[in-house]
Amino acid sequence: MRSTAGEATAQRPTHIGFLQVPNYSAIAFSTAIEPLRMANQLAGVALYDWSVITLDGGPVAASNGLAVTPDADIRSAGALDMLFVCGGTGIRDCCDRRLLAWLRSLAERHVELGAICTGTYLLAHANLLKGYRCTIHWENISSIDEEHRFPDTVFTSELFVIDRDRYTCAGGIAPLDLMLNVIGRQKSPSIAEAICEEFIHERIRNVSDIQRVPLRVHLGTSQPKLVEAVSLMEANMEEPLSLHDLARLVNVSRRQLERLFKKHLNCVPTRYYLELRLSRARQFLLQTQLSIIDVSLACGFSSPPHFSKCYHDFFGYPPSRERRSRAGGESSAAATATPARVRNQRRKASTP
C-alpha cells in the first residue's frame with residue numbers, strides 16, 4: 001500500500017452531511033460514505049467527518065429495510081461544508097415543504113449540495129438545479145423528461161456530474177467514483193488512487209463514463225426491429241456490418257432502418273454504430289493491456305490514425321491520453337476533461 005500520510009494539508013476536517021429520506025438506497029449511501037472513512041485512515045489524519053441527518057431526527061428505513069441511527073434532524077444539523085441528499089424508491093413522496101425549505105437555506109449559506117441516486121429529484125424540486133447539469137439513476141431520466149417540470153435543468157446519463165457547487169450521481173456504486181473524484185480534487189489525487197486500490201475498484205471512473213441504459217428501457221417493446229439491429233451492432237464490433245447487411249438481417253429496408261434510428265434514437269445508424277465501437281474501445285484502453293493498434297483493430301477501425309481521429313472527435317482527447325490516464329500519468333487531467341459529447345449537450349442546452 002502506498003504511503004499517503006502527510007500529503008493533505010493540515011486543515012479542519014471537511015464536514016459532510018448525508019440527508020436520508022425514506023426508502024433511500026443503502027448501497028448508494030454506503031459507497032458514498034466509505035471512501036471518506038478510508039481517506040482518513042490512509043492519510044493518518046481526519047480529512048473528513050460526517051453526520052447522518054433525517055427530517056425529524058428519527059431513523060428512516062432504507063429500501064432494503066435497514067436503518068441507521070441519525071446524528072441530527074434538519075434543525076440541529078449544525079454547520080456543514082457539503083450535504084448529500086440520499087434518495088431511493090418513491091422519491092416523489094419525500095418532497096416535504098420543511099425539507100425543501102431547509103435545502104434552500106443551505107444553498108443561501110453557500111453550502112455545497114449534492115445528491116445520490118434519486119436525491120437529485122429533491123434538489124430539482126427545491127429549485128436548486130436551475131442552470132445546472134446533473135444526473136440521476138437511468139430509470140428516472142425518461143419520466144423526468146416526460147414531466148417537463150425542470151426545463152432549466154439538464155439531466156444527463158453520466159455516472160456523476162460535478163457542476164460548480166452541485167454534485168450528483170446515479171446511485172448504485174456510482175457514489176464511490178463521485179467521492180473519489182471529490183477527494184482527489186479537495187485533498188490529494190494519490191489518496192483517491194490509494195482508496196481505489198484498497199476497495200479493489202478497477203479504476204476511478206470520471207466524467208467520460210456514462211450509465212449503461214438498456215435500450216429496451218428507452219423503447220419498451222414497441223420497436224423490436226430497432227432493438228435487434230442494435231444487438232447485431234454490439235455483436236459485430238471487430239468486423240462492422242454494412243448498413244445494407246444490417247437491414248437485410250433485421251428484415252427491413254435500409255431506408256426504413258434509417259428512419260427508425262432517426263425517430264427513436266435521434267441518430268443515423270452509422271453514427272450510432274461508430275459511438276458503440278468507440279465506447280467499446282475506451283473500455284479496452286482502460287481495462288486491458290492491449291496496444292492502441294490492437295484496440296483499433298478489435299473495434300473495427302481500418303487504421304490507428306483513423307481510430308485516433310474518431311476517438312478525439314468523440315471524447316475530446318486522443319486514445320493515447322486515455323492509456324496514460326490509466327497508468328496514472330494524467331489522472332487529474334482526465335478527471336476534469338470535458339468530452340466532446342458533453343460539450344455538445346451544453347451547446348444544445350443553451351440554445352433557445
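1. Let's start with strands β1 and β2 of this predicted model. Strand β1 (residues 14-20) runs parallel to strand β2 (residues 48-54), and 6 bridges join the two. If you would like one pair to look up in the viewer, take Leu19, whose bridge partner in β2 is Ile53.

2. Now widen the view to the sheet that holds this pair. It is an open sheet of 7 strands with mixed pairing, and the order across it reads β3-β2-β1-β4-β5-β9-β8. The edges are taken by β3 (72-73) and β8 (160-163); each has a single partner strand, so one side of each has no neighbour in the sheet.

3. Which strands does helix α1 lie across? Helix α1 (residues 26-43) lies across β1, β2, β4 (82-86) and β5 (112-116), and runs at about 155° to β2. Helix α2 (residues 97-108) also packs on the sheet, where it touches β1, β2, β4, β5 and β9 (166-169). The direction of α2 makes about 155° with that of β4.

4. Next, two helix pairs that are worth a look. Packed helices are described by the angle between their axes and by the distance between those axes. For helix α5 (residues 174-186) and helix α6 (residues 189-198), the axes come within 6 Å and cross at roughly 150°. Angles over 145 degrees count as roughly antiparallel, and α5 and α6 are therefore roughly antiparallel to each other. On the α5 side, the contact is made by Leu180, Ile183 and Gly184; α6 brings Pro189, Ile191, Ala192, Ile195 and Cys196. By residue type, this contact of α5 with α6 has 7 nonpolar residues, 1 polar and no charged.

5. The second pair has another geometry to describe. Helix α9 (residues 243-250) and helix α10 (residues 254-265) pack at an angle of about 90°, and their axes are 9 Å apart. That makes α9 roughly perpendicular to α10. Leu243, Leu246 and Ala247 of α9 make the contact with Arg254, Leu257 and Glu258 of α10. Here the residues of the contact divide into 4 nonpolar, no polar and 2 charged.

6. Finally, some totals for the chain. There are 16 helices and 9 strands. Of the 352 residues, 51% count as buried. The accessible surface comes to about 16900 Å², and 51% of that belongs to carbon and sulfur atoms. Among contacts between residues at least 6 apart in sequence, 67% join residues at least 24 apart.

Note on methods. Residues numbered from 1 in each chain as written. Predicted model: local features only at pLDDT ≥ 70, side-chain atom pairs only at ≥ 80, totals over all residues. Heavy atoms only, no water. Axes fitted to C-alpha atoms, helices over the stretch in contact; angles between N-to-C directions. Helix = DSSP H or I, 4+ residues; strand = E, 2+ residues; numbered from the N terminus. Parallel < 35°, antiparallel > 145°, perpendicular 65-115°, else oblique. Contact = heavy atoms within 4.5 Å. Nonpolar A, V, L, I, M, F, W, Y, C, P; charged D, E, K, R; others polar. Pairing = 2+ DSSP bridges. Buried < 20%, exposed > 50% of the residue type's maximum accessible area, 1.4 Å probe, protein only. Areas by Shrake-Rupley, 256 points an atom, 1.4 Å probe, with all protein chains shown as cover.
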